[in-house]
Amino acid sequence: MNNTKETNDWNAKKYNKHADFVSALGMPVVDLLNPQEQEYILDLGCGDGTLGVELEKLGAKVLAVDLSADMVAKSKEKGLDAYVMSATELPYKEEFDAVFSNAVLHWVKDARLAVEHVYDALKNEGRFVAEFGGHGNIEQIRLAMKEVFETKEEYGAFNDPWFFPSEETYRNILEEQGFEVKYIEIIPRPTPIDDIANWLDVFVNGIIGHLTNEQQITFKKEVREVLKEKIYSQEEGWVADYVRIRVEAYK
Ligand code: BEZ
């Protein structure tokens, strides 16, 4: 796993089937962005394009980027102007009225570099509105994976690919870049999912990509067993322990 770049190890079909809640739960971020007619907006980590389309319905013009070619293809199918691109290699200079990002920046370990690129991409007084995993996000899931890695020497080290900052850490990163932070908040958001097995299928390929197929199957089974005690109940089913950080900042 490259620690300075976000992963693009997605399975688009499984993502569509088991992770469509990601954009469904992104609407409050669209509301916070409050796009205006004719605004030019960069959708950073556009995923399958669902939210970018919402921005266009509200009258904005969207340029969508994502590291996953599969996701970019889906965004194009939905009619968006979309490109494969990393958050740490954005080439734009003072082009956008706003940069919008939902559920992606936790994949970017080099948050400072991403924020620098976002800042450069914005026009003066442009806004950055984003939500992603905040401090404590998927703590139980992360600990369960770490626990299983620790019982299997042959798996090697558990390399956590995520960046889940506190309000203080992310505010500092934004302010050091020159942003004025209007709003920043950590929001616990327990999220019902269909089955943790499907969640693991979609999201942890980067962490276990070096294991054999058999080891991957065993890993997922064992993580599921550990988590059954922690995030599953008969009444509520599987509930992932998501925590969001939501931010609105101005150049
Ligand atoms: C998230 O949206 O918080 C998330 C999703 C998959 C893996 C890690 C975090």
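Visitor: What makes the charged end of Lys251 count as sitting over the ring of Tyr119?

Guide: The charged end of Lys251 is 4.8 Å from the centre of the Tyr119 ring. A charge over a ring has to be within 6 Å of the ring centre and within 35 degrees of the ring normal, so the distance fits the rule. Keep in mind that this is a predicted model.

Visitor: How do you know that Lys228 lies over the face of Tyr232?

Guide: Here the distance to the ring centre is 5.2 Å. The limit is within 6 Å, so this value passes too.

Visitor: Let's move on to rings with rings. How many aromatic pairs does the structure hold?

Guide: There are 14 aromatic pairs. One of them joins Phe132 and Tyr170, with 5.0 Å between the ring centres and 75° between the planes.

Visitor: What is the Phe132 and Tyr170 pair called, and why?

Guide: Edge-to-face. The centres have to lie within 6.5 Å, and 5.0 Å does that; planes over 60 degrees apart count as edge-to-face, and 75° is over 60, so the name follows.

Visitor: Which parts of the chain does that pair tie together?

Guide: Phe132 belongs to strand 5 (residues 122-133) and Tyr170 to helix 8 (residues 167-177), so the pair links parts that are 38 residues apart in sequence. Both of these residues are buried.

Visitor: And why is the pair of Trp162 and Phe164 called stacked?

Guide: Its planes are 20° apart and its centres 5.9 Å apart. Stacked needs planes under 30 degrees apart and centres within 6.5 Å, so both values fit. Trp162 and Phe164 are both buried.

Visitor: Trp162 turns up around the ligand as well. Which residues are there?

Guide: The residues around the ligand are His106, Trp107, Asn137, Ile138, Trp162, Trp199, Phe203, Tyr242 and Arg244. They divide into six nonpolar, two polar and one charged. The protein covers 98% of the 270 Å² of accessible area that the ligand has on its own.

Visitor: What makes the ligand's meeting with Arg244 a polar contact?

Guide: An N or O atom in the Arg244 side chain is 2.3 Å from an oxygen atom of the ligand. A polar contact needs a pair of N or O atoms within 3.5 Å, so this pair qualifies. Asn137 gets there as well, with a polar side-chain atom 2.7 Å from a ligand oxygen atom.

Visitor: Is His106 buried or exposed?

Guide: Buried: its relative accessibility is 8%, and buried means under 20%, so the label fits. His106 sits in the loop between strand 4 (96-102) and helix 6 (111-121).

Visitor: How about Arg127, buried or exposed?

Guide: Arg127 is at 9%, which is also under 20%, so it counts as buried. Arg127 is in strand 5, and its side chain reaches the backbone oxygen of Leu33 at 2.9 Å.

Visitor: Glu125 lies in strand 5 too. Is Glu125 buried or exposed?

Guide: Exposed, because its relative accessible area is 67% and the cut-off is over 50%. Glu125 also has a positive phi of about 70° although it is not a glycine.

Visitor: Finally, what label does Asn34 get, and why?

Guide: Asn34 is at 47%, which falls between the 20% and 50% cut-offs, so it is partly exposed. Asn34 lies in the loop between helix 3 (27-33) and strand 1 (40-44), and its phi is positive, near 50°.

Conventions:
Residues numbered from 1 in each chain as written. Predicted model: local features only at pLDDT ≥ 70, side-chain atom pairs only at ≥ 80, totals over all residues. Heavy atoms only, no water. Phe/Tyr/Trp six-rings, centres within 6.5 Å; stacked < 30°, edge-to-face > 60°. Helix = DSSP H or I, 4+ residues; strand = E, 2+ residues; numbered from the N terminus. Buried < 20%, exposed > 50% of the residue type's maximum accessible area, 1.4 Å probe, protein only. Near = heavy atom within 4 Å. Polar contact = N/O pair within 3.5 Å; in protein donor to acceptor, adjacent residues only side chain to side chain. Areas by Shrake-Rupley, 256 points an atom, 1.4 Å probe, with all protein chains shown as cover. Nonpolar A, V, L, I, M, F, W, Y, C, P; charged D, E, K, R; others polar.
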